[in-house]
Amino acid sequence: MKSIFNETDNAEFIDRINKLTPSTPALWGKMNVAQMLAHCQVIIQVALGELRLKRNLLGFIFGGIAKKQILEKPLKHSVPTFNEAKIADERNFDKEKQKLIEQIKRFSAGPGVISKDPHPFFGPLTIDEWDTLQVKHLDHHFRQFGI
């Protein structure tokens with residue numbers, strides 16, 4: 001499994017982002033490429049503790065089961081997301097691209113920058129689980145845009 005904490009893997013994620021253009025089409029889903037870049041930032045903001053969301057009842061009931069599945073299996077197309085990560089407005093591609101690259105670099109600094117708060121749906125996560133979640137999420141959306 002790749003790791004954002006691994007320098008080589010981290011560089012690969014950034015290289016993949018740099019292959020995107022404002023007109024890169026999605027192979028599935030409703031987001032355009034700039035919206036996807038903004039969406040990926042929200043997930044990293046949660047991991048960094050920059051966006052704090054309360055756990056809801058569904059998270060308490062199903063979060064542990066979902067966490068196990070999402071950490072062990074590939075993400076399926078069109079998996080639902082939480083409202084704060086739904087990006088429907090138009091975004092500036094270059095700005096969103098740069099912001100995502102910066103966030104990936106910040107995340108790669110390691111355990112000291114990762115939130116101690118539980119994930120709003122999955123609950124408590126170890127550093128390795130936060131990393132795996134980011135890797136799988138980024139890879140899922142990069143594959144969505146053919147990179």
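# Close-up views

**View 1. At 32% relative accessibility, Asp117 is partly exposed.** Keep in mind as you look around that this is a predicted model. Why does Asp117 count as partly exposed? Its 32% falls in between the two cut-offs, since buried means under 20% and exposed means over 50%. The partner to find here is Arg52, which is exposed, with a relative accessible area of 63%. The side chains of Asp117 and Arg52 meet in a salt bridge, 2.7 Å from N to O. This pair links distant parts of the chain, with Asp117 in the loop between H4 and H5 and Arg52 in the loop between helix H2 (33–48) and H3. Along the sequence, the two are 65 residues apart.

**View 2. Here we zoom in on the salt bridge between Glu96 and Arg91.** A search of the whole structure turns up ten salt bridges, and in this one the closest N and O atoms are 3.5 Å apart. Are the two partners buried or exposed, or something in between? Glu96 has a relative accessibility of 4%, so it counts as buried. Arg91 comes in at 30%, so this one counts as partly exposed.

**View 3. Arg143 and Asp139 form a salt bridge within helix H5.** Look for the closest N and O atoms of this pair, which sit 2.9 Å apart. How far apart are Arg143 and Asp139 along the helix? The answer is four residues, or about one turn of the helix. Arg143 is partly exposed, with a relative accessible area of 33%. Asp139 also counts as partly exposed, at 25% relative accessibility. Elsewhere, salt bridges that share partners join Asp89, Arg91, Glu96 and Lys99 into one network.

**View 4. Two phenylalanine rings, Phe5 and Phe107, form an aromatic pair.** Searching the whole structure gives three aromatic pairs. In the pair shown here, Phe5 and Phe107 are stacked, at 5.3 Å centre to centre and with 0° between the planes. Phe5 lies in the segment before helix H1 (7–18), while Phe107 is in helix H4 (residues 93–107), so the pair ties together parts that are 102 residues apart in sequence. Which of the two rings is tucked away, and which is partly exposed? Phe5 is the partly exposed partner, with a relative accessible area of 26%. Phe107 is buried, with a relative accessible area of 0%.

**View 5. The rings of Phe13 and Phe142 make a tilted pair.** Their centres are 6.1 Å apart and their planes meet at 55°, so the pair counts as tilted. To be stacked, the planes would have to be under 30 degrees apart, and to be edge-to-face they would have to be over 60. This pair, too, links distant parts of the chain: Phe13 is in helix H1 and Phe142 is in helix H5 (residues 127–144), 129 residues apart. Phe13 and Phe142 are both buried.

**View 6. A nonpolar patch sits on the surface.** Which residues make it? Trace Leu57, Leu58, Phe60, Ile61, Phe62 and Ile65, which together give a patch of about 660 Å². Zoom in on Ile61, and you will be in helix H3 (residues 57–72). Ile61 has a relative accessibility of 48%, so it counts as partly exposed.

**View 7. This is the largest pocket, with about 1,300 Å³ of space.** A total of 37 residues line the largest pocket, and the closest to its centre are Ile70, Val79, Pro80, Thr81 and Phe82. Which helix gives the largest share of the lining? That would be H5, with six residues. H2, H3 and H5 each supply at least two residues of the lining.

**View 8. Two C-alpha distances help you find your way around.** Start at Asp15 in helix H1, which is partly exposed, with a relative accessible area of 45%. From the C-alpha of Asp15 to that of Lys73 is 24 Å, with their positions 58 residues apart along the chain. Then jump to Lys105 in helix H4. Lys105 counts as exposed, at 51% relative accessibility. Lys105 and Phe5 are 100 residues apart along the chain, and their C-alpha atoms are separated by 9.1 Å.

Definitions and conventions:
Residues are numbered from 1 along each chain as its sequence is written. This is a predicted model: local features need pLDDT of at least 70, side-chain atom pairs count only at pLDDT 80 or more; totals for chains, interfaces and linings use all residues. Side-chain values use heavy atoms; hydrogens and water are left out. Rings of Phe, Tyr and Trp (its six-membered ring) pair if their centres lie within 6.5 Å; planes under 30 degrees apart count as stacked, over 60 as edge-to-face and the rest as tilted. Buried means under 20% relative accessible area, exposed over 50%, partly exposed in between (1.4 Å probe, protein chains only). Patches are made of residues with over 30% relative accessible area and no salt bridge: like charges are joined within 9 Å, nonpolar side chains (Val, Leu, Ile, Met, Phe, Trp, Tyr) within 5 Å. Accessible areas come from the Shrake-Rupley method with a 1.4 Å probe; for residues, only the protein chains shown count as cover. A salt bridge is a side-chain nitrogen of Lys or Arg within 4 Å of a carboxyl oxygen of Asp or Glu. On a 1 Å grid over the protein atoms alone, a cavity is a set of points where a 1.4 Å probe fits but cannot get out, and a pocket is an open set with protein on both sides within 12 Å along at least five of seven lines; lining residues have an atom within 4 Å of a point. Grid points are joined across faces, edges and corners, and a volume is the space filled by probe spheres set on the points.
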